[in-house]
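Got your viewer open? Grab the mouse, and let's take a walk through this one together.

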Amino acid sequence: MAIPQSFIQELLARADVVDIVGRYVQLKKGGANFMGLCPFHGEKSPSFSVSPSKQFYHCFGCGKNGNAISFLMEHGGMTFVEAVKDLAQQVGLQVPEDDVSPQERARAAQAREQQATLTSVLEKAGIAYIKHLRNAPRAIDYLKGRGLSGEIAKTFGLGYAPEGWRALASVFPDYNDPLLVESGLVITGEPGEENSQGEAKRYDRFRDRIMFPIRNVKGECIGFGGRVLGDEKPKYLNSPETPVFSKGRELYGLFEARTALREHGYALVTEGYMDVVALAQLGFANAVATLGTACTADHVQKLFRFTDSVVFSFDGDSAGRRAARKALDAALPFATDVRTVKFLFLPQEHDPDSYIREHGQEGFAAYVAKAVPLSKFMIDAAGEGCDLDTAEGRAHMASNARPLWSLLPDGTLKHQLLAEIADTVLIDSRELLQIWQPAAPHYKNSSSSRIQGKGQRPKPPEYADAVPHFEEFSGNFADLHDEGAYAASLPALSAAGGFAGRSFGAKPGATRPPRRIAGRVLPAGREDRVLRLMLTDPQSWDKLSGEEHVLLCELPAPHGPLFVWLESQLHEHGPQPWAALREGLREHPHEKHAIDQIAQLHEGIECDWNEVRAILDQLLKLKRQQEMVDLLPRVLADPAARQRYEELSALLKNS
């Protein structure tokens, strides 16, 4: 949904960034501003400043800055729309939903009310479980035996569900409240299991278990995991699927790990609740866990909101290898050139908790550093069970590798892996690609994406950086809300599958010839070329790093607001075709500019990812250079500014 810019401005005017940030960061008055330890990177002396007059925060150490909305997005892992709705709820505003039908608006309001009600019920149960733990010596002894302190138990809100079938009856006045069943706290018996009064049997789902509250990225309790104190089965019991909880989308410990993910630079994905809590106590608070299910694409996508590096930790046995294989399938579509995915296989006699206790923090950190990169694990997985000394075995491996390789997003990593697979199966990479052609049709007619043969160096993308926007395309557009103009704004598909550009208000079938200089098409500006690719291939957004997301979203209008809008669309609806995006753009302040860019995509001119990659590299370079210029006056007097200056200098040297 498109949120009016006027509402965003009113929302930011109503909200106090000091109050919003102060809920997560301990702030102290320092002159005109408030200061605190930066929540986005580890530091011992405060360099994080919040300005009440400018309603802006800025870290002089890591450079993070923004307003109340961007803080909720960065720190809370929310999408743009989620952050706006959350902030609006806090200040008592209703997000406009003019583009939604009354029926849909009513359903959405009912869903929000239901979610708030269920999370409040679960929160109340969690508080009761914490109180029960204080009076449960056996449960306390169990946690102490696992090496957990009271402080870490408090951090994660650990509790205890006592023995007995209806312990929650003392917590909730009406034990027959349907919300107790809907939230997963209470189980209703099957038909035929009624009691003597003819009522369906009801009893607590969790009994005599250590309770681990599961929180969403906003910190709301959405479910529980319960572990037995002995060896009974099942060892772990999770809340069922509910309107607020889906184990295929949620990760245990992610809310608690937000700051540590940035400090450590990676997320460590484990297999159990106890691993997460124990690792947090032993110095690895960046650990999270799947909830009794295989890792899914939703899990991976959620992690990459917080970090660009993920390490999956598994047992070294066959079950661990099978779980790693499923994680590989989930991670491949997100393995862009700017992200890192690794696989850690512990010795069979160890889990993360036991390994770190035996070898210490440094030993565990060294073991994590040796984790298997995604590229190697993918090739190993493809070659498993294949005799590479025979033609049949190599052919079998190539067949296994094809679906895995096809999942990778376009980029340098995908090209390199094609070459490695080709070398392993003793075939030229171009021949292998021809065999796999149905799995990679996008390579067919794109010279810029064609895999080079051995010994050949790929040609760098050509684009003219100094050429301004087209002047002939500015102004003189038809009314964008006129249905004829709207239809004309949708690009026609050429016979080759590309877009045939149309000018607004033109007669059907009429196309405007592209402007040419010396026989060449005059390119658009850099930001517009990135915008065109993202609008026609929204999945490309997932190829970018978090720093690049921020870079694009902070560009001046019209580009920055359009990239912010596009990111919110991706989080809300996933990748959509241009026709759907076009509809969502209605009433957006920069609707005209986005449509203009699509209209300029002429037949035979394709958006080139390699070109966009080069543009992004250059924009990042310019941004870092400007930040160095801004830091220069403070370098001699401010150690944090000097450190940041040196970091930027090193990044520029390596770019």
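Here is a tour, stop by stop, of things to select and what you'll find there.

**Stop 1: the whole chain**

Before you click on anything, keep in mind that this is a predicted model. Show the full chain as a cartoon: there are 25 helices and 20 strands to spot. The chain runs to 655 residues, and 47% of them count as buried. Now think about contacts between residues with a separation of 6 or more: 64% of those in the chain come from residues 24 or more positions apart.

**Stop 2: a pair of cysteines**

How many disulfides does the structure hold? The count is zero. A disulfide is a covalent bond between the sulfur atoms of two cysteines. Select C59 and C38 to see a pair that isn't joined: C59 is in no disulfide, and its nearest cysteine sulfur, the one on C38, sits 3.5 Å away. That pair misses out because a disulfide needs the two sulfur atoms within 2.5 Å.

While you're here, is C59 buried or exposed? Its relative accessible area is 0%, so C59 is buried. Hop over to C221 as well: with 1% relative accessibility, C221 is buried too.

**Stop 3: D86 in helix α4**

Next, select residues 80–91, which make up helix α4, and pick out D86 within that helix. D86 has 11% relative accessibility, so this residue counts as buried. Which residues does D86 touch, if you skip its neighbours within four places in sequence? Show the side chains of L72, M78 and K218, and you have them.

**Stop 4: two helices running roughly parallel**

Colour helix α10 (residues 273–281) one way and helix α13 (residues 352–369) another. They pack at an angle of about 30 degrees, and their axes are 11 Å apart. The two helices are therefore roughly parallel to each other, and their crossing is right-handed.

Now zoom in on the contact. From α10, select D275, A278 and L279; from α13, select P352, D353, I356, R357 and F364. Sort the residues in this contact by class and you get five nonpolar, three charged and no polar ones.

**Stop 5: I427 in a loop**

Where is I427? Look in the loop between α16 (412–424) and α17 (429–435). I427 has a relative accessible area of 22%, so it counts as partly exposed. Leaving out neighbours within four places in sequence, I427 is in contact with A422, L432 and I435. If you'd like to try the distance tool, go from the C-alpha atom of I427 to that of A395: these residues are 32 apart along the chain, and the two atoms are separated by 10.0 Å.

**Stop 6: two helices running roughly antiparallel**

For the last stop, select helix α24 (residues 609–631) together with helix α25 (residues 639–654). At what angle do they pack? About 150 degrees, with 10 Å between their axes. That angle is why α24 counts as roughly antiparallel to α25. The crossing of this pair is left-handed.

To see who does the touching, show K621, R624, Q625, E627, M628 and L631 on α24. On the α25 side, add A641, R644, Y645, L648, S649, L651 and L652. Colour the contact by class, and there should be seven nonpolar, two polar and four charged residues.

Notes:
Residues are numbered from 1 along each chain as its sequence is written. This is a predicted model: local features need pLDDT of at least 70, side-chain atom pairs count only at pLDDT 80 or more; totals for chains, interfaces and linings use all residues. Side-chain values use heavy atoms; hydrogens and water are left out. Buried means under 20% relative accessible area, exposed over 50%, partly exposed in between (1.4 Å probe, protein chains only). Axes are lines fitted to C-alpha atoms, for helices over the stretch in contact, and angles run from 0 to 180 degrees between N-to-C directions. Helices (H or I, at least four residues) and strands (E, at least two) are DSSP runs, numbered from the N terminus. Angles under 35 degrees count as roughly parallel, over 145 as roughly antiparallel, 65 to 115 as roughly perpendicular and the rest as oblique. A crossing is left-handed if the near helix is turned anticlockwise from the far one by less than a right angle, and right-handed if clockwise. Contact means heavy atoms within 4.5 Å. Ala, Val, Leu, Ile, Met, Phe, Trp, Tyr, Cys and Pro count as nonpolar, Asp, Glu, Lys and Arg as charged, and the others, Gly among them, as polar.
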